Amino acid sequence: MVSLLLRPLRQLSLALVANESPRQVAWGFTLGMLAGLVPKGNLLAMVLFMLLCALRVNKPAGLLALGLFSLVGIGLDPLAHAIGSLLLTWEPARPLYAWWYSLPLAPWSGLNNTVVLGQLAIGLYLAYPIYHITTLFATKLQPRAIAWLQRYRAIRWLTGLELGARIGIDG
Amino acid sequence: MKHFRWKYVLPRLAIVLTIILSTYFGLDPLLHWAIVAGGESAVGAKFELASLRSSLAQGKLELGSLQIANPRSPWRNLLQAEGGLLQIDSQALLNRRLVISEGSLHGLEWNTERSTSGALIEQNTNSADNRDPSAKGAPWLESGRQMGADWFGDVRARLEQDLVGQLETPRVVQDLQDRWPPQVAEMRNRIDSLRAQSEQLQGQLKAAKKNPLRSLEQLQQLAQPIQDMQQQLLAVQQQLNQWPEQAKLDRQAMEVARTHDQQFLRESLHVDGLDGQQLSDQLLGPLVAERLQTILRWVHTVRSLAPNRAIRVESDSVRGVNVHYLGPQPQPRIHLRQLALSGSVRLGATSTDWIGKLTDVSNQPALLNHPTRLHMQGVGPMPFQVDLSLDRTGTLARDEITIECPNLPLPSSTLGGGTLTMQLLPGKTGLQLHLTLTEDQLAGQIVLMQPSVQIQRLNRSTSTEKPAMVKLAQLVEQSLAQIEQLETTIKLSGTLDQPQWKIESNLGPQIAQGTNRALQQLLQQQVIALQESIGKQAQQRLTQLAEQREKAQRKLLARLGENRHLVEQLAQLGGGKEVTIPKLGKWLDALQR
């Protein structure tokens, strides 16, 4: 029970001090950013979330980004709507959209929604910069951050709890 | 594959598989619940589906018996079916659309009775259905019923009016009768008075006889009254002699009165003929209102079930706008392409089978290029054809209904009201109905052609009726019996809530023609009989009067003759201004004799 309650904190500490590669952290954060920006309730958001969970990426970093960019995404809705409208009404792309929309399950993706497509476009546009920045952060700052954080007993305790939970020792 | 966290993926896959299997095996109850809940929500009354079997692989839905209650009449079904089969396009389901490519419903019947109430517990009393144009007390319906007012009132008043009281001849005869007895009595009184005076003079003369010489002066004084009396006698005689002349004048007055009466009776023959068009309105108005009420009730029900044009653009997303980019025309979420129908319908006392086809039903009809169409065709001994089109593809909602039934059985119907209520006996009629509704604007016409028709009066004449009314009623019945065919065209306009109609029928003109002819004949007979009766009576009375007058004249002249003789004798005595002794002697001798 305690483990369940402390799980978010454990995940956060693990996201900061886990011994995963910077690329995994960057991918996780980027996927989380994409899943966070895209409005929920459609197949695209579900697929992005499933990818975040199913791929060997830093999930805590991804969840952190998901929560963060869900809030940011609401603020970006007007911009996303404008971009989505522009893309969806772009005449040369109409046959492509028509083809896409005719595919099975494609209408469930929500890509015909201006905000969904707009947020996806924004997310894709930001994906590389975010990935790059996160990689840099994970490469250069993570070791120092780990060393700094490991000095705190609470972090060590939370990290130990998470590791214990992974090998089946539940608090 | 090393990039996947299989420890995470595999349990989720297992869960998804479980959900799919559960859905596969538990789909039928789920669909049953969804269809019943959706149906009840759409109709506003109980939607009962006995059973449902689905086949995901084949995309088939097999429906058991179905009953949809009428929200306005919970103890009747709006529709019921024995069962059906629906073919669902599974490809369209993956495209987030429910498309029923084809299907069938058999054993369809409507307006059947229910054993239990079909009302839902929660009913929205403010629903749009409350705008039912057939609601009792609707002003247009009341006006239709009012059309059956007593149109026979004017004719009755005309026939029952007191013509005799308005004639001159009886009045003149009465005047003569009233004038004659006092005239005779006055004359008799005058003669009696003269007789009394002459007797008095005679008495005075007798008294003078006893001593004539002494009464000489008195005798001289009596000469003047005798002369006066003589003149009065002459005047009375002259008056009596003028009586035949007076009789001539009276006869002339009678002739003038009779001429006047003939003119008056000729004028009374002129009756404003019954207006055939107005009569058609009055007779058929209530019946048309009732039938129209039924038709419009069904139109209203169908319209209330049809989706609103306002949901043309779907905006089910809270964030952003959904853009349909499947080709030039987006497709509706729910689309029933084609549904074969079969069932039976009760027309009058007989039930007939029919087959039909329903096409292009959708929750977003504006996204379709075609209107929703229903075609029904009778296959039994009673052929009929119904075509219904609900067009929501344009900017205006346009509905069209065409019904053709060459042998529609008609139950007995009551026409008109009041004194001359008529009954249209059961028969068969040809019906052609074409209605167009653009938004709420109604236009169209109903044509009824009844090649063989029988109409009879309902309110038979009672013993209290005047003979003229009874006779007229008989003549009207005769004219009704001569009506062989009935053609009625009802032109509709106005709105669905306030429909207006104009009836063009040969019923009114036929009855009006017969009635006018009968009324004219009757009035003519009545007037001729009256003229003869009055003339005969007047002549009789006049003859009686003349006889009485002659008799009285003879009697009075005889009495006057006696007086005259006496007065002449007196006058002989008083003929000169001076009475001499020899004159007196002679006169006294004469008086003595």
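**Helix 2 against helix 4, chain A**

I started with how helix 2 of chain A meets helix 4 of chain A: their axes come within 6 Å and cross at roughly 30°. For axes I used lines fitted to C-alpha atoms, for helices over the stretch in contact, with angles from 0 to 180 degrees between N-to-C directions. Helices here are DSSP runs (H or I, at least four residues), as are strands (E, at least two), numbered from the N terminus. The two helices are therefore roughly parallel to each other; my bins are under 35 degrees for roughly parallel, over 145 for roughly antiparallel, 65 to 115 for roughly perpendicular and oblique for the rest. Helix 2 of chain A passes helix 4 of chain A in a right-handed crossing (near helix turned clockwise from the far one by less than a right angle; anticlockwise would be left-handed).

I then listed who makes the contact: A:Gly28, A:Gly32 and A:Gly36 are among the residues from helix 2 of chain A, and A:Gly62, A:Leu66 and A:Gly73 are among those from helix 4 of chain A. Contact means C-beta atoms, placed from the backbone, within 7 Å. By class I get 13 nonpolar, seven polar and one charged (Ala, Val, Leu, Ile, Met, Phe, Trp, Tyr, Cys and Pro are nonpolar, Asp, Glu, Lys and Arg charged, the others, Gly among them, polar).

**A note on the model**

This is a predicted model, so I kept in mind that local features need pLDDT of at least 70 and side-chain atom pairs count only at pLDDT 80 or more, while totals for chains, interfaces and linings use all residues. Residues are numbered from 1 along each chain as its sequence is written, with chains lettered from A and ligands numbered from 1 in the order in which they are written.

**Helix 5 against helix 7, chain A**

Next I checked helix 5 of chain A and helix 7 of chain A, which pack at about 100° with axes 7 Å apart. That makes helix 5 of chain A roughly perpendicular to helix 7 of chain A. A:His81 and A:Gly84 of helix 5 and A:Gly118 and A:Gln119 of helix 7 are among the contact residues. The class split is eleven nonpolar, six polar and one charged.

**Cores**

Which residues have the most contacts inside the largest nonpolar core? I found A:Ala35, A:Val38 and A:Leu48, in a core of 34 residues. A core here is a set of buried Ala, Val, Leu, Ile, Met, Phe, Trp, Tyr and Cys residues joined through C-beta atoms within 7 Å. Buried means 20 or more other C-beta atoms within 10 Å of a residue's own, exposed 12 or fewer, partly exposed in between, with C-beta atoms placed from the backbone. Helix 2 of chain A gives the largest share, nine residues. Leaving out residues up to four places away in sequence, A:Ala35 touches A:Ala45, A:Leu48, A:Phe49, A:Leu52 and A:Leu66.

Apart from that core I noted another, of 30 residues, including B:Leu292, B:Val476, B:Leu480 and B:Ala518. I looked up B:Leu480, which lies in helix 8 (residues 467-481) of chain B. B:Leu480 counts as buried because it has 20 C-beta neighbours inside 10 Å.

**Chain B and the interface**

Chain B has ten helices and 19 strands, and 25% of its 593 residues count as buried.

Finally, the contact between the chains takes 23 residues from chain A and 19 residues from chain B. On the side of chain A, helix 6 gives the largest share, five residues.

Key:
Two residues are in contact if their C-beta atoms, placed from the backbone, lie within 7 Å.
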